[in-house]
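Biologist: Please take a close look at one part of this model, the largest pocket, and then work outward through the elements around it.

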Amino acid sequence: MSMIVTTRHPNDDPAIQIRVGGLFHTFRTVRAGWILDLKSATAFRGDLVIGTLVSMFWVIFAIAPVLVAGYYLGEGAGWTQARLLFLQAIWYWMDAVNWVFCVRNTNGLATDIRNGRLDGRLLLPGDSLLRVMLGQLGVQDLPKFLIAIGLAAYAIQAGAFPGGVWHIIGFVVCLIAASVMFWAIAVLSFLPAITLFKFEGDVIVNAIHNLNRVPADLYTPWLHALFSTALPIVLITTVPSRVFFGWSPWWMPIVCVIAAFVLLVVLRYLWARQLRHYVGFQN
């Protein structure tokens, strides 16, 4: 559902045309929602302070087992303690993606279905998938991104050195693709809620997320093969790490981008398919 309207903004001269319901309009709508969330968090700074303290405690709690395992693992499959810490930094980055972009929107989808609000949101112009599943921002968990970067910097200082400049660029590409994939997986896990009353997909997301805490190289051969093919979760943390260290071929970032694109295509198809079976307000 889209139409062309002409509008004038104080900073726009001459008048510009915006396709209401198009992707550009959707992105502007999502951005406006994020700005409101940020302003709200600024007004109530306690949320950000508490979120930062909780995030710092959680990262220490999360990496403690890795420090112990790395101490006894030694050089297992090339994964030194510093490299394991770098992988944990990526894992914590994905945790930030989950709590900032996924949890609030997926839980909001389930809630909106139960109270009937989804009916009205679907009637609004724009891309419904992006508007519904990216419309809210978990501002209190934004500090997790900075903590993840800090942990990665510490891991590099401790010896998890990159293979070279091109490997750093490839890592950034893989990290962005992995973030998109993780968001898509989180949305996919909640899609049945549209047609199945009180369906929750947290268990699926948490299971996939926790599997990525360990490098796929350290799993048994059959699990490694499974996670590399049928369930390619290696693309979330293991592959970006290997690209950073210079352990993967040059084309691996391209594989990550293709995988993210395919997953988005599948997500959009299943989203549209589920909405066709949505029956409206459920009691």
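Modeller: The largest pocket holds about 360 Å³ of space. That volume is the space filled by probe spheres set on grid points, with points joined across faces, edges and corners. A pocket here is an open set of points on a 1 Å grid over the protein atoms alone, where a 1.4 Å probe fits and protein lies on both sides within 12 Å along at least five of seven lines; lining residues have an atom within 4 Å of a point. By that rule 16 residues line the largest pocket, and those nearest its centre are Ile185, Ile208, Leu231, Pro232 and Leu263. Helix 7 (165–190), helix 8 and helix 11 are the elements that each give two or more residues to this lining. The biggest share comes from helix 7, with four residues.

The model is predicted, so local features need pLDDT of at least 70 and side-chain atom pairs count only at pLDDT 80 or more, while totals for chains, interfaces and linings use all residues. Residues are numbered from 1 along each chain as its sequence is written, and side-chain values use heavy atoms, with hydrogens and water left out.

For orientation, the protein chain has 11 helices and two strands; these are DSSP runs numbered from the N terminus, helices being H or I of at least four residues and strands E of at least two. From the N terminus on, the order is β-β-α-α-α-α-α-α-α-α-α-α-α. The protein chain has 283 residues, and 43% of them count as buried. Buried means under 20% relative accessible area, exposed means over 50%, and partly exposed is in between (1.4 Å probe, protein chains only). Taking contacts between residues at least 6 apart in sequence, 76% join residues at least 24 apart; a contact means heavy atoms within 4.5 Å.

Helix 8, one of the elements in the lining, also carries histidine 209. Histidine 209 is buried, because its relative accessibility is 4%. With neighbours up to four places away left aside, histidine 209 is in contact with Trp91, Met94, Asp95 and Phe182.

Past the end of helix 8 (202–211), the loop that leads to helix 9 (221–228) holds proline 215. Proline 215 has a relative accessibility of 1% and so counts as buried. Outside the residues up to four places away in sequence, proline 215 touches Trp79, Leu84, Leu87 and Thr238. Its C-alpha atom is 7.9 Å from that of valine 234, which lies 19 residues away along the chain.

Helix 7 can be followed through threonine 106, a residue of helix 3 (residues 81–115). Among the contacts of threonine 106, with neighbours within four places left aside, are Ala186, Val187 and Phe190, along with Met133. Threonine 106 is buried, because its relative accessibility is 3%.

Helix 11 also has a place in the lining. Isoleucine 258 sits in helix 11 (residues 252–276) and has a relative accessible area of 48%, so it counts as partly exposed. Isoleucine 258 belongs to a nonpolar surface patch of about 900 Å², made with Trp250, Trp251, Ile254, Val255, Phe261, Val262, Val265 and Val266. Such patches take residues with over 30% relative accessible area and no salt bridge; nonpolar side chains (Val, Leu, Ile, Met, Phe, Trp, Tyr) are joined within 5 Å, and like charges within 9 Å. Areas come from the Shrake-Rupley method with a 1.4 Å probe, and for residues only the protein chains shown count as cover.

The charged pairs come last. A salt bridge is a side-chain nitrogen of Lys or Arg within 4 Å of a carboxyl oxygen of Asp or Glu, and the count by this rule is seven. In one of them, arginine 268 pairs with aspartate 127 at 2.2 Å from N to O. Arginine 268 is in helix 11 and aspartate 127 is in the loop between helix 4 (117–123) and helix 5 (128–133), so the pair ties together parts 141 residues apart in sequence. Aspartate 127 is buried, with a relative accessible area of 12%, whereas arginine 268 is partly exposed at 39%. Another salt bridge joins aspartate 112 and arginine 121, with their closest N and O atoms 2.5 Å apart, and both residues are buried. Lysine 144 and aspartate 141 form one at 3.7 Å from N to O. Through shared partners, Asp95, Asp141 and Lys144 are joined into one network. Asp95 is also among the contacts of histidine 209, which brings the account back to helix 8.
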